[in-house]
Structure formats: structure tokens, C-alpha cells
Number of protein chains: 2
Amino acid sequence: MSAPAPKPKESLQETLQQVLRILSRHKLVENLIHKQEMPKHELVETIVHKQNLTELEKRLEQLYPADIAFILESLPLDERLTVWELVRPEIEGDVLLEVSDSVRETLLADMDREEILAAAEHLDTDELADLVPDLPQDVMHELMGSLEEEERAELQSALSYADDQVGSVMDFDMVTIRDDVTLEVVLRYLRRFDELPHHTDKLFVVDNDQRIKGVLPIKKLLISDPERGVADVMAHEVVIFRPDEDVGDAAQAFERYDLVSAPVVDSTHKVIGRLTVDMMVDVIREESEAEVLSLGGLKEDEDLFSSVWSSAKNRWPWLALNIVTGIIVSRVIGAFEATTAQIVALAALAPIISGIGGNSGSQTATIIIRAMALGQVTATSTRRLVAKEFGIAMLNGALWGSVLGTVAWLIYGKLGLGLVMAGAMMLNFQVAAGVGLFVPLLMERFGRDPAYGSSVFLTFMTDGMGNLIFYGLATLFLLNAM
Amino acid sequence: MSAPAPKPKESLQETLQQVLRILSRHKLVENLIHKQEMPKHELVETIVHKQNLTELEKRLEQLYPADIAFILESLPLDERLTVWELVRPEIEGDVLLEVSDSVRETLLADMDREEILAAAEHLDTDELADLVPDLPQDVMHELMGSLEEEERAELQSALSYADDQVGSVMDFDMVTIRDDVTLEVVLRYLRRFDELPHHTDKLFVVDNDQRIKGVLPIKKLLISDPERGVADVMAHEVVIFRPDEDVGDAAQAFERYDLVSAPVVDSTHKVIGRLTVDMMVDVIREESEAEVLSLGGLKEDEDLFSSVWSSAKNRWPWLALNIVTGIIVSRVIGAFEATTAQIVALAALAPIISGIGGNSGSQTATIIIRAMALGQVTATSTRRLVAKEFGIAMLNGALWGSVLGTVAWLIYGKLGLGLVMAGAMMLNFQVAAGVGLFVPLLMERFGRDPAYGSSVFLTFMTDGMGNLIFYGLATLFLLNAM
């Protein structure tokens, strides 16, 4: 049996189109059967009906699990389940691992206990660990019971770590060797395997207690004289990870040192697992997606075809928070009703000040959050950063404050209004720099990830302060003069 | 010579602290020498002075190029150059490749022609291709002249592709074999290499014209009987790439199929290069960073220690654009001066409506931009998505519109104002859904990446329309009634 050919992006979209065509034909026939209330044994329709599904099944057989996951995610719920029922049982587990959390839920809901257990059979323990938290309680227990003792121990170990810890993504499949043999022996040892673990670019050299002594890169094994000893050829300097380390830090290390695999060791340096670059790529992708989703105001990833209701709920926390801050800002403006009644132009100009303040603050916050994520923020650099950001705010405040002051002066023909506008702009640039700097720094200090949620507080402050400053200055300087 | 040990993130920050300590000691001594105007040959000071630099140099020798790049990026300009001058010439090229574009500029500016040429000598052609565009014209020509013909051809080929094409990141170093030999022959062939190309997880099997016939995974080579033939063991299904493909699509394919390396072929299927996962990880990281930077309103990555002036310039395009849209929105509000003069409460309430509209629109845009990036948007799914997003907007509009209408009624004691508020809120949710959907779709239609710049236009529309709707409804329904 030859493996299916992976598809580049374009041909994957073509495949999706083909699947959609077959599905719509299938639906047509189904509607026909249904409408005319034909007895199911009417031969012609049933054959056509079956033909479509058989064609679809064949199409799916040529696809990798990741491709099928893509197709499933791109289909509305009813079509998705039609396709899901045609997926070969032996790759169902892999497909479940590839789809997003929200889509996985819809697929699992369609499977009965036996199907789930059958799908799980084809997975390694580290893969099972990803799946288990989404399973119904009783299925999970039955699954645990069906495992061999070693596998169960591995699964429990993997489940004991939080999602953001190395232990939760490590792999238990690896090749370890001793250092007192020749490469020839290693080569012969490897030939006894039916298959090497995926992403094996190095063998872990361990002592009798499974403690890491070094690694033998496959590259070295291949080019060296087989008569040489492992101890002679192996590398002693190894990047190792601890199971309780942050998985994002591990991904950064993989990136920094161009790793393909690396050992995970416990506190006594005993090798207990392995990290591989494919998992780290997923970590990098997930982290960046979570950040973009959170910047866009979404709590979690949405299934493209989830119900209006469940999508709406995903968006409420952010909207509710913004409505509360919006009402508070509105009360700030409301406090200056007397001023606004006399100088109506303020109502038209204030949104510019709060808007630009928010923009400038988010520029500052983006820079500092990035620097923090890279670990570049030290005591010295913080001082410099603060000075620099306030400097930029000063420069930008003077520049854009003058521009906007002049515009306000020209539109309304009142120099005083222009001056207040320019002054408010300059001050709000300082506020924006301050908030953009200190909100992320404070969040980090209190152990929270500054990439999430900084923006709500930032906009609240620049909106509130921007309006307070502008209406306040206008009340102070313009109310009697005009 | 043993390789330096890579550092996990914590110890890397420790190293940074150590470097900072040595640097500040160094600076102290330098200031002393300078202030007292001591003649340079005063022995004691000079020795102390040298000691610090020697200590620093030793510290640097233990670091990987990526670690040194991290240190350099975390240092202010003067300290950065002090450290840069201590970096061993043979790894200067590698460090230049690891630092960000803006930091690379500061380092290159400090090097003379000979230093640059010496650093370039240690790089492969695909690495040179990354560096060359940043070099001064004359150095580039001299560098080109110093290359052998084959290398020059490779470099020119790499330079002929755009930054977002596969050809610009492919590697020319690879191992190709024929399929009519035994694995034993392959093993012996590999032993003739001094070193295998990095990330070699498969050998490319080619015919006499270098056309790809399949791949021999190293895993298979190691576990199979050496007597077997390559043709018998190799995999025929290969993920191949074209040099003009989008590099982001290639990275997605690497992620989807868990690849470590893959051949790049021309239109006749001749192997011309190789992609490796380390480059793809960089691509994924860079794409996500560019998206976050752009969402934060930054044109490009900023050197943490660049001057106030150059950082300010990086932030101007976004601020200028937002000021222009802000002024337009301000004119919309200004058109309703007569209404505002009568109903001052509008000035306090309008920002809530435009603000929430912007938030809701960015939620919609985030979902659709993500779906487009994954290639999940088809004609069928677009129809469904549009219906769903407008449905969510209807639901949210009714919900939050009622909440805010009630709040406005309670605060101002005017039912009419509450109703106008609720109505404006509902309408602006529809506007937000429409803009959030169609701006990204239109941008994609016109060949632009919707992740960049959608947000400015989105906020502009929800601000402008939100105010227009709210002030318009108030003018229509409240002006005579109140």
C-alpha cells in the first residue's frame, strides 16, 4: 500500500471543491428520495445514492489526515458529518488530532463509545493525551482500562501537566543507546526496528540509569567510520528540556538552535521523553493565533460553521467589557454637559483626540509586549525604553497636536479652540505612552500574559483621559472667553 | 573544539545580565581614563580595561550565534558595538543572519569593507542571499566577484525571487542519489562526506537529468537491509515545491505534513534546491509577528534602541491615516451641530456606539481573515458566513442595543433618547458585520493581504456610520419632540 500524496494548498482547495460537488449531488438525490417518499429499495435511486458516497470515500482514501481535517473544518455541520462517517476508522484518531478544538467537539458528539475506542487504538500515548480531555467521562475510563500498564503510566504523566508545559506535548517514543559500543553495533541495532520514531535526527546516549550523557546525531552516525565508538563520536553539549518548562520557551529554543528533536529529562537528568519540531511548530502557530484572536476580541477559536448562538457567546465577554468602559467614558463626557452646550464643536473634535491616543498607545504597547516576549526587557533597558517612548510621544504630540490644532482653528475660526485641541493632543500622547508602557509591565509583574487584555484597558484609559483632558481644558480656558 | 552549549531562556537572560555587568564595569574604567585624561600607557588602568574586554570575549565564545544575536538586540547602540567588535570573525556572518533587519543595519554600519567580506566568506550562498540586499553597493559587487561561478549563479538565482517566494529561502546544499544502487552503496557514499547538509532527513532520488523520482528517508535507510536496492525502499510520493510558490503556503504544507526537508523543483521536475523546517519556522514566526505589528499600527519591526526620531517615523503612516479618517468622522458629527446644541447628551453617548461597532466589526474581520488564510473560504461557505455574521449582529444588536438603550433612558430620563440609542446600536452592529465581512473579502479580491490594513478602514466605517446613524436618528425623531 503506497502512502497518499500530500497536496499543496491550491490542489487542496480543488479537492475541497470536488468534495463539495459530490456532496451537493448526494444531497440532491437524497432530497429526491425523501420528497417522493420512495421506498428505500427503489433500485435506481439507491444505486446513484450509493455511487456518490463511494466516490467520496475513494477521494478521501487518497488524502492525509491533515487534509481530511482541512476538508472537515471547511464544511457545514451536516455535510461535515456525512464526510466524517466515510473516513477510514484507522485514521479517525489522527484526524481528530488535526482538527481544531471546536470542530473536534462536533465530530466526537457524532461518535458512539465503540467508535471512539476504536479510533483511540491507533494513537500513541502522547497523542491520546491530547484527545482524552475532550472525551466523555465514561469513555475516558474505559479507554484508560484498555491500556497496558506502561502506556497508562505515560498517559497519566502527560495528563498531569498543564497545557502550556513541556510535559503535555512530549513524546514517549525514542531511541536510546549506550556509549560503550561502536557505531557498527548501533547500525545493527537500528536495523532491528520495524520503524524509527518520527523526527529521529539524533539518538540519545544514556548511562545505565537512563541518565543523558550526550546525543549521537544521525548525520554523524552516517558519515563516521563504523569502527569508531559512540563515546568518541557523540556530542556532549545537548539542549535538554524539563517537563515543567513553558512550552513557548521550548519552542523559542527550537527556533533559536534549529532543533529537530531534543530530550526531556527529569531532575536527575533521566530521559523521560522527547520534544519534536512538528509539535513546536504547532505551538508557535497556536500562540500567534491566540494572540491575533485576542487582539480581535475573540475568547477562543470559532468553528466556521458553529451556530449563531454559540458564536455570539464567544464574543460577549469582550463586548460586555467594552460596553462597561464605554459607559464610564460616556459619564466623563456627560460631566461636561454645560461646557458642551456652549461649545458644540467639542463633540465633533473629542473623538479625534481619544482615537489617536488609542492608536499611539497601542503602538507603544506592541513594542514593549514584543520585547517582553523575547525576554529583552532588563532593568537598564526598561529605563531607556520609558525615556524613549515618552520622547516619541513628545515629538508626535508636538507634530500632530500642531496639525490638528491648526485644522480645528481653520474649521471653526477660533484660535483658542485650536490651542486647546493642540494642548489636549500633546497631553494625551503622554498618557498613551504611559499606559502603553505600564499596563503590559504591570500585567507581567502580576504573572499575566500582557498579550491578552492589555488593549481593553489601554483604550479605556486613552478614551477616558483624552476626553477628560480635552473637555477639562476647554472648560478652563474657553468657557468664559467665548 | 567542542561546540558551545545552547542556553534555555532563563540562563540566556542571566547571560545578558552578566554581559551588562561587565559592560558597566568597562564603561566605568573608560570614564575614569577619559576624565583624568590619563596617558593611555598608564599601566594599571589599561590592564583593568583590557581585563573586562577579555572576560567579555571569553563569555561570548561560549555562545551560539543566535544567543549572541539576542544579546546584541538587547543592548543599546554603544554597548552593542562594543560587544560586536569582540565577536569572533568566523561567526560574524551567522550572527548577522540571526539579528533583526533594523539591528543588522546598525552592525553593518560599524563594519568596513574587509570585515564584511571576511564575514561573508563563512556563509553558504542561500545565507548570503539574505545578507546581500543590506550591503553597500560596492561591497556587494566585490563580494560577487570573489565567488566561484557556481556559487555566483546560485546567489543570483536566489536574489531573482521575491522575499515571499520559495526560491528566496531555498537551500542549495543537498544529497542526491540514483535509484539503481543498493543501500549499502548509499551508506558508503555518505561516509565520503565530511558533513551532511543540516536537516537531512531524506535523500533525493533523481534520474540522470536530476529529475526527482522519489525520496529515500534516512529512517528507511537505517532500518532496511543494506542489500536492498534504493528503488525498492524509496518513497514515490513526495511533497515538492516550486521556486515561485508562496513561502507562506510552503510553511503551511510543512506544518500539515510534519516535514523536515523537501525538494524544490523547476517546471521539468529537476531538483534545484531544498526547503528545510528551520526556515519555515522562521517564516511562520515572521508572518505572525508582521501581523501583530500591523494590528498594533507599526509599519515594521523596531530596533528596541533605535533613535526617537527613527522610531517616530515608523509610527507616522498609521497615525497620519488615522488622523485623516478622524477628521472626516469629526466633520460628520460637525454636520449635526444644531442637533447637538439642543440635545447635549448625544455627545456623551455617540462614542459608545462607534466604539462597540468597531469592536464587533473587528471580531467579524478576525474570523473571516483567519478562514481566508487557511483557504477555507469557498463560494458556499461565504454565503453561510455572511448569513451567520449578520445573524450574530442581529442577536448582539438586539441584546446590547436594549441594554444600552435602557442605560441611556435611565441616565437621561428620556425614553425617546433610549429608543434612538437602541436603534442606532442595532443598525451599527449590521454596519460592523457588513464592513468586517466585505473589507477583507474585497482586499483579497484585489490581491492584497487582508491581515494588513483592514482595521483602519473598518474603524473608519464603524466610526463614521455609527455617528451618522445616531445623530441622524436623533435629528429625525428627537429634534422636534424635545
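**Exercise 1. Place Phe204(A) in its sheet and describe the sheet of chain A.**

Phe204(A) has Val215(A) in E3(A) as its bridge partner. This is a predicted model, in which local features need pLDDT of at least 70, side-chain atom pairs count only at pLDDT 80 or more, and totals for chains, interfaces and linings use all residues. Residues are numbered from 1 along each chain as its sequence is written, chains are lettered from A and ligands numbered from 1 in the order in which they are written, and side-chain values use heavy atoms, with hydrogens and water left out.

Step 1. Strand E2 (residues 202-206) of chain A runs antiparallel to E3(A), and five bridges join them. Strands (E, at least two residues) are DSSP runs numbered from the N terminus, and two of them pair if DSSP finds at least two bridges between them.

Step 2. The open sheet in chain A has three strands in the order E1-E2-E3, with mixed pairing. Strand E1 (176-177) and strand E3 (212-217) of chain A are the edges; each has a single partner strand, so one side of each lacks a neighbour in the sheet.

**Exercise 2. Find the strand pairing that involves Thr176(B).**

Step 1. Thr176(B) has Phe204(B) in E2(B) as its bridge partner.

Step 2. Two bridges link E1(B) with strand E2 (residues 202-206) of chain B, in the parallel sense.

**Exercise 3. Determine how chain B is related to chain A.**

Step 1. Chain B is superposed on chain A by a rotation of 180 degrees with 0.0 Å of shift along its axis (RMSD 0.1 Å). The fit is by least squares on the C-alpha atoms of residues with pLDDT of at least 70 in both copies.

Step 2. The two copies are thus related as by a two-fold rotation axis. In chain B, the C-alpha nearest that axis belongs to Ala347(B), at 2.5 Å.

Step 3. Of the interface residues of chain B, 100% are also interface residues in chain A, so the copies meet through the same surface.

**Exercise 4. Characterise the interface of chain B and chain A.**

Step 1. Chain B and chain A each bring 132 residues to the contact (heavy atoms within 4.5 Å).

Step 2. About 11700 Å² is buried between the chains, with 64% from carbon and sulfur atoms; buried area is the accessible area (1.4 Å probe) lost on putting two parts together, summed over both. Leu222(B), Leu304(B) and Gln363(B) supply 6% of the area that chain B buries against chain A, more than any other three residues.

Step 3. Six salt bridges cross the interface (a side-chain nitrogen of Lys or Arg within 4 Å of a carboxyl oxygen of Asp or Glu). Glu289(A) and Arg370(B) form a salt bridge at 2.7 Å, N to O.

Note on methods:
Helix = DSSP H or I, 4+ residues; strand = E, 2+ residues; numbered from the N terminus.
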